[in-house]
Amino acid sequence: MSGHDCDITLTVNGERVTERVDARQTLVDFLRDDLILTGSHVGCEHGVCGACTVRVDGVLVRGCLMLAAQCDGAHVETIEGVSDLGEIADLQAAFEKRNALQCGFCTPGMLLTAQELLARGGVPSRETIREQISGNYCRCTGYQAIVDAIESVAQTRAGAKR
Amino acid sequence: MKIVEDSPPILTALDRPNSYIGRSVPRPNLARLMQGRAQYVSDVVLPRMAHVAFVRSPHAHAAIDSIDVSAAKQAPGVIAVVTGAELAKVITPWVGVLTHLKGLKSAPQNALAIDRACWAGEAVCAVVARSRAEAEDACERVLVDYRELPAVTDPETALDPGTPVIHPSIGDNLCFERVHSAGDPDKGFAEADAVVETTFLFGRHTGVTNEPRAIVADWNPGDARLTVYQGTQAPHMMQNLFAKHLGLEEQQIRVVTKDVGGSFGIKVHTYADEMATVALAKLLKRPVKFVADRIESFVTDIHARDHRVTAKIGVKNDGTITAWEIDDLTGIGPYSVYPRTSGIEANQVVNLTGGPYTCGNYRARARVVFQNKNVMCQYRAVGHPIATAVTEGLIELAAAKIGMDPLAIRRRNLIADDAHPSQGPSGIKFEALSNHAALAHLDSMMNYAGLRAEQAQLRKQGIYRGIGFASFVEVTNPSAAFYGVGGARISAQDGATVRLDSTGAIYCHTGVSEQGQGAEAVIAQCVATSFGVSMDRVRIVMGDTDNTPYGGGTWASRAAGIGGEAAWQAGKALRQNVLAVAGSILQAKPETMDIRNGVVVDHDSGKERIGLDEVARICYFRPDTLPAGVQAELIATRHYVPRAWAFAFTNGIQASYLEVNTDSGFVKLLKHWCVEDCGTVINPQLVDEQVRGGVVQGIGAALFEQCLYDERGQMLNGNMADYLVPMAVEMPDIEVGHVVTPTADSELGAKGAGEAGTAGAPGCVMNAINDALRPMGAAPLTDMPFTPDKILRALGKV
Amino acid sequence: MKPAPFAYAKAKSLDHAIALLAHPDGEARLLAGGQSLMATLNMRLSAPKLLIDLNGIAGLAGIAVKNGAVEIGAMTRHAEAERSPDIARHAPLIALAMPHIGHSAIRNRGTLGGSIAFADPAAELPACLLALGGEVDIAGPNGTRTVKADDFFKGLFETALGAADVLTTIRLPAATNDTRVGFAEYARRHGDYAMVGLAASARAAGQRLAGVRLAYFGVGNVPVRAKAAEAALADGSIDDAVMALATDLAPSGDVQATGATKVHLAGVLLRRAAKQLTETRP
């Protein structure tokens, strides 16, 4: 395959998708513009803000630093899919309870980034939580409420396992 | 006035059964934001929608001799290539002046530069294409023949006779000057035992909203209507401006604002590229979308704070402040921003310096000059961070000079809590402040004595920790005195309409808008409480000029205090209307009944009389069964504007505890505290989170953020890797406490809370750094942001 | 802010990638993790005609220890190295550096080979390669060759890689009992590119250090060996080593720090790294 138009077939939130994309189209633009999955956001387009964070083959990535063309055969998960499956329902509930979001623009990326850490299990320190979300920019909250919410979910999940 | 712990229920005269006032109820709009189902303007897609990208001047100042668009017009996907001259036939230029800022002047600004670009980043040509990518491709094919002109970049020399005048038509580079004198400053300084004079520098910075500015404009010639989806804080203001400059009637324009990815004052101004977008939609008769990318955001979103303030304080040996003096200079770019002007921040610096202190001997001058850099205008806590850092910086420097404790000097000079109403040194009027109570609360909350002991102990081990404070006052709930009196069509009042639906739920349409602060929740809490239903029976409608009462929107910490009061009153009015008709149905006197939790009850016994759903059913579907002459009015509208006070000043105090690594110059923030008094606290959690977010924004100013320019007017760090916003690892936990002094101007008594954090944090962190370094003999740091570079220099290490 | 148009090709093999690099219609670039390249493309700071994706080539990723060396496939992700027990045990300097590189989502995608080939002078891994005296294998139209770290970094974003070359393997000497490493950096915020950073390695020789290699990053166009400081440190004087930095380093200032500050911080880092070098391995 070589050219400006690329035919890709991939799974997005469990649905099989076949599209022809412009080679230069980033993954996040493909999700937003072609699939109208607008939960992944475009904040900086140079990999700093983390608003475009999605999962590709189970791994957390920046949607602006990958091409859609690279996702042929991949399994892509966005906030919409992860949300619908209930995987982070407890985390979302904790964010609501703690008001860990204001404008909400960073939130989808923040939730997925937090879930990567939480999925490793255990109760991370607040420092570790802050390091995990250090690539996700939030202008509204000052981060403390987010750290609180993630910490509380870690504690609850760890408690439930015991 | 009462002191309360963090996030308690605060029940006051507003206590109604099932009151939501003072309760940390969750915001109703969070679920969609967390599920990726929000609708930001950048998400909006319309049929036949085209995308615009702009060719922007690479020069800070250049004549545009010609523009060749022929190659761009041939590029794939291009729909139109439009120059400034062509667009000027559709949209008229504007001038950002207000008559109450006497002498303020500016030059006409066009949607696209026509024959001259005045800053690097100004749009000079628009390319509309099927996609943003294709529009950007074609922008590269637009050939602009620039002739570089001398750039005015240094505010210090902007007024020199040898400096070129950016707009010859207005005579010089002075946009605005204010001189103020009160009391007898000369006598005050003469009586002082010690005088401290220094210059404070404030870095130029910007809002960096996570969602960039975004607008979709849709002109439908069939309806002769323009629908604008815009991430704005002030829909009605924008409706007025679009109408005025496109030559339309206001009712031909609908501005719709749903979710907004952060604003912080960035999205309350007129941006040339957004005006160009609505003009292009009108010209092309189809929807046009513009979403600023991050690189153009850095050179076009308003900047703020680039002030240099030479300041002086006199004190007696007992700590009594005898006089203040400031000379503020700020460069605001080539145009005063429309319609709020770029004179307000300097004006606020004059108004707020000396803040809540008794010393009335005060002399001030502020000068606002033009320069060839991106425009500056109002950004969260306008002027407050500057005035607070200057005032509080002077106080701590003076305290150090006379050997006095920083809290003790404040106790000596803060206006007594029982001395209000009062006024500050500049003449600003305070209805009621609680600076002493806030200070006392902070003192115990942070265990000040304990921290001082810890600090002393650690210094023996070569660990340099600092404690800094900043008392502050904050302008909230602005009346027409802010903008309206100067001729701007910016609503100070706000309205709310509450309507009972046929099932007994209510709709509340409000003129304030939501950008994440929680306005939707606060309005719902107010109206649910005053009407008498649970919050899940309230639907809030906001951000739509076709469907909301006329209002100002959300800025200057006004949504809760003004919009909340309007909703409160509207809910009460509808309750009276419903009780009136219920009285007719039940053959009871309305004043003997109340609405509680969705049911009309007997006021005294609480006995249920009739459900709201039944009232609605009768009124809507069987009005024939009502007594003759009874017409139910199941809708009520109320408006509110503060009248007794021009502004509802809030107050508070912050403290910062930090450690400076004297080898590396790095600052580690250990803890931050803020006690603030925003009057009635409608939702404690939302107030606390406003404070925390605001503090972190202020910490950004103190330690990280600065738009760096070279002498030719080129921004050097206009990307998110080089312009450093606060991220999670470096930020401290922040403890928030409250003192509650309601304003008597409204029944709710709520003041604003959106800017307190940002107002106090920079000065507070500055003071803590200087406290840490004082034993090292370092010269005080007064040049924000306090980078490792500057700290090492102050320590003589480089 | 969308990339200029380019064609995309997914290389099926190393030979296929090399053949594609000889693309006649203009500049071609290799896409590894893309965590630096994609940003430059989005900002149109780079506008190649063809992007050749290495992500589909089998055998370019993986960590192996053989013949006293740690061999890291160029397409090994940072996250994989971060979790690798082999890296922790046999290339502890890389393990120390890893948490400083960007953020989780960046490390999940970014590759070690990509970072070294991109050769950002403020990046961690090029300096680590230099400090360890490692080498890289390069495949090109005329076969493969091995280039020592000291000869690899040529100038700002310039390396020994030719236009049709692919970096395939990073080879580091495996740590032995007497290997000592140190790593420290100053970045304004966690995960940012460093203002100044230092990757250091040495051999313990009794109470002294031998074979000291100090590789600074963020102080020039390439990672820089501080050779006078290395000698001073081997002589046992940290103070002399710090003094020597004034002759070893001549950084120019940037938006985060002046040159003088960088030199000062380089000295502070040296003291920290020297402490790490003299500590016995657990």
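**Notebook: chains A, B and C**

**Entry 1: where C meets B**

I started with the contact between chain C and chain B, which takes 22 residues from chain C and 32 residues from chain B. Note to self: this is a predicted model. The area buried between chain C and chain B came out at about 2,200 Å², and carbon and sulfur atoms give 60% of that. Which residues of chain C lose the most area to chain B? I found Met1(C), Arg188(C) and Arg189(C), together 34% of what that side buries.

Then I went after the charged pairs. The rule finds three salt bridges across the interface of chain C and chain B. I pulled up Arg44(C) and Glu140(B), whose side chains meet in a salt bridge at 3.2 Å, N to O. For polar contacts between chain C and chain B, I get 13 residue pairs, both partners at pLDDT 80 or more.

On the chain C side, I checked which element gives the most to the surface touching chain B: helix 12 of chain C (residues 259–278), with five residues. By residue type, the side of chain C that touches chain B divides into twelve nonpolar, five polar and five charged.

**Entry 2: helix 8 of chain C**

Next I looked at helix 8 of chain C, residues 124–131. Is this helix mostly covered or mostly open? Mostly covered: eight of its eight residues are buried. I listed them as Glu124(C), Leu125(C), Pro126(C), Ala127(C), Cys128(C), Leu129(C), Leu130(C) and Ala131(C); the glutamate Glu124(C) is on that buried list too. Just after helix 8 of chain C, I noted that Gly133(C) takes a positive phi of about 60°.

**Entry 3: where A meets B**

Over to chain A, where 47 residues are in contact with 52 residues of chain B. I logged the area buried between chain A and chain B as about 4,000 Å², with 52% of it from carbon and sulfur atoms. Gln102(A), Tyr137(A) and Arg139(A) supply 19% of the area that chain A buries against chain B, more than any other three residues.

How many salt bridges are there between chain A and chain B? I count seven. One I inspected pairs Arg24(A) with Asp137(B), the closest N and O atoms being 2.6 Å apart. I also have 30 residue pairs in polar contact across the interface of chain A and chain B, both at pLDDT 80 or more.

Several helices of chain A each supply at least two residues of the side that touches chain B: helix 2 (79–84), helix 3 (89–98), helix 4 (107–118), helix 5 (126–132) and helix 6 (144–161). Helix 3 of chain A has the largest share of that side, five residues. I sorted the residues of the side of chain A that touches chain B into 18 nonpolar, 17 polar and twelve charged.

**Entry 4: the cores**

Last, the nonpolar cores. The largest has 224 residues, and those with the most contacts inside it are Phe95(A), Phe242(B) and Ile769(B). Helix 10 of chain B (residues 384–402) gives this core its largest share, ten residues.

I zoomed in on Phe242(B). Leaving out residues up to four places away in sequence, Phe242(B) touches Ile215(B), Val228(B), Gln230(B), Ile253(B), Val255(B), Met275(B) and Val278(B). Apart from the largest core I found another, of 54 residues, among them Val522(B), Ala573(B), Val600(B) and Leu748(B).

Methods
Residues are numbered from 1 along each chain as its sequence is written. Chains are lettered from A and ligands numbered from 1 in the order in which they are written. This is a predicted model: local features need pLDDT of at least 70, side-chain atom pairs count only at pLDDT 80 or more; totals for chains, interfaces and linings use all residues. Side-chain values use heavy atoms; hydrogens and water are left out. Contact means heavy atoms within 4.5 Å. Buried area is the accessible area (1.4 Å probe) that two parts lose on being put together, summed over both. A salt bridge is a side-chain nitrogen of Lys or Arg within 4 Å of a carboxyl oxygen of Asp or Glu. A polar contact is a pair of N or O atoms within 3.5 Å; within protein, one must be able to donate a hydrogen and the other to accept it, and residues adjacent in sequence count only if both atoms are side-chain atoms. Helices (H or I, at least four residues) and strands (E, at least two) are DSSP runs, numbered from the N terminus. Ala, Val, Leu, Ile, Met, Phe, Trp, Tyr, Cys and Pro count as nonpolar, Asp, Glu, Lys and Arg as charged, and the others, Gly among them, as polar. A nonpolar core is a set of buried Ala, Val, Leu, Ile, Met, Phe, Trp, Tyr and Cys residues joined through side-chain atoms within 4.5 Å. Buried means under 20% relative accessible area, exposed over 50%, partly exposed in between (1.4 Å probe, protein chains only).
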